[in-house]
Amino acid sequence: MSPADDDTTVRAAGCVLWRPAPSTASPGLELCLVHRPKYDDWSHPKGKLKPGEDPLAGALREVAEETGYAAEPGTELPTVRYRANGRPKEVRYWAAAAGAGAFAPSDEVDRILWLTPDAARTRLTEPRDRDLVDALLATRPHGTGH
């Protein structure tokens with residue numbers, strides 16, 4: 001990649017936000033997906049980095065802004081690269097355990113859902129986001145615990 005290309009790349013960061021499943025009837029974990037009315041899509045919480053912002057700090061900021069939850073970062077997941085509005089976009093992701101918080105709808109995100117990994121794969125709009133579910137599960141022994 002040349003420096004000129006690098007200058008046009010949109011840099012973003014986000015998290016695959018998870019929590020232990022609340023029911024012992026369905027052990028494992030649930031993932032948080034956000035619905036963005038502007039695009040009418042379901043995705044993992046993410047957003048553009050501010051100039052000079054550390055990617056992990058940006059990912060945690062975006063999770064808080066979009067979901068209302070604090071997040072405890074874990075393993076870095078694969079970086080996703082694609083074109084958006086004719087420009088290259090690079091999104092760095094981390095696995096993150098949901099902490100305290102509560103969702104409040106906004107213009108940017110009007111709904112969130114907590115879903116099993118299988119249900120999340122089905123609901124995610126972009127196939128590239130489904131790969132992140134698998135990457136998260138690969139970092140978690142037996143899909144439970146921290």
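**Exercise 1.** In which helix does L132 lie? Establish also whether L132 is buried or exposed, and which residues L132 touches beyond four places away in sequence.

*Solution.* The model is a predicted one.
1. Helix α4 contains L132.
2. The relative accessible area of L132 is 2%. Buried means under 20%, so L132 is buried.
3. Leaving aside residues up to four places away in sequence, L132 touches V16, H44, L77, P78, V80 and Y93.
4. For one of these partners, Y93, the separation from L132 is 39 residues in sequence, whereas the C-alpha to C-alpha separation is 8.3 Å.

**Exercise 2.** Determine which residues of α4 are buried and why they lie on the same side of the helix.

*Solution.*
1. In α4, the buried residues are D129, L132, V133, A135 and L136.
2. These residues lie on the same side of α4 because they span an arc of only 165° around the axis.
3. The face turned away from this buried side bears the exposed residues D131 and A138.
4. Among the elements covering the buried residues of α4 are β1 (10-20), β2 (29-36), β3 (41-43), β5, β6 and α3 (117-123).

**Exercise 3.** Characterise the largest pocket by its volume, its lining and the residue classes in that lining.

*Solution.*
1. The largest pocket holds about 640 Å³ of space.
2. Its lining comprises 21 residues, with R36, Y39, K46, K48 and K89 nearest the centre.
3. At least two lining residues come from each of β4 (46-48), β5 (69-84), β6 (87-101) and α4 (127-139).
4. By class, the lining has 12 charged, six nonpolar and three polar residues.

Notes
Residues are numbered from 1 along each chain as its sequence is written. This is a predicted model: local features need pLDDT of at least 70, side-chain atom pairs count only at pLDDT 80 or more; totals for chains, interfaces and linings use all residues. Side-chain values use heavy atoms; hydrogens and water are left out. On a 1 Å grid over the protein atoms alone, a cavity is a set of points where a 1.4 Å probe fits but cannot get out, and a pocket is an open set with protein on both sides within 12 Å along at least five of seven lines; lining residues have an atom within 4 Å of a point. Grid points are joined across faces, edges and corners, and a volume is the space filled by probe spheres set on the points. Helices (H or I, at least four residues) and strands (E, at least two) are DSSP runs, numbered from the N terminus. Ala, Val, Leu, Ile, Met, Phe, Trp, Tyr, Cys and Pro count as nonpolar, Asp, Glu, Lys and Arg as charged, and the others, Gly among them, as polar. Buried means under 20% relative accessible area, exposed over 50%, partly exposed in between (1.4 Å probe, protein chains only). The arc is that of the directions from the helix axis to the C-beta atoms. Contact means heavy atoms within 4.5 Å.
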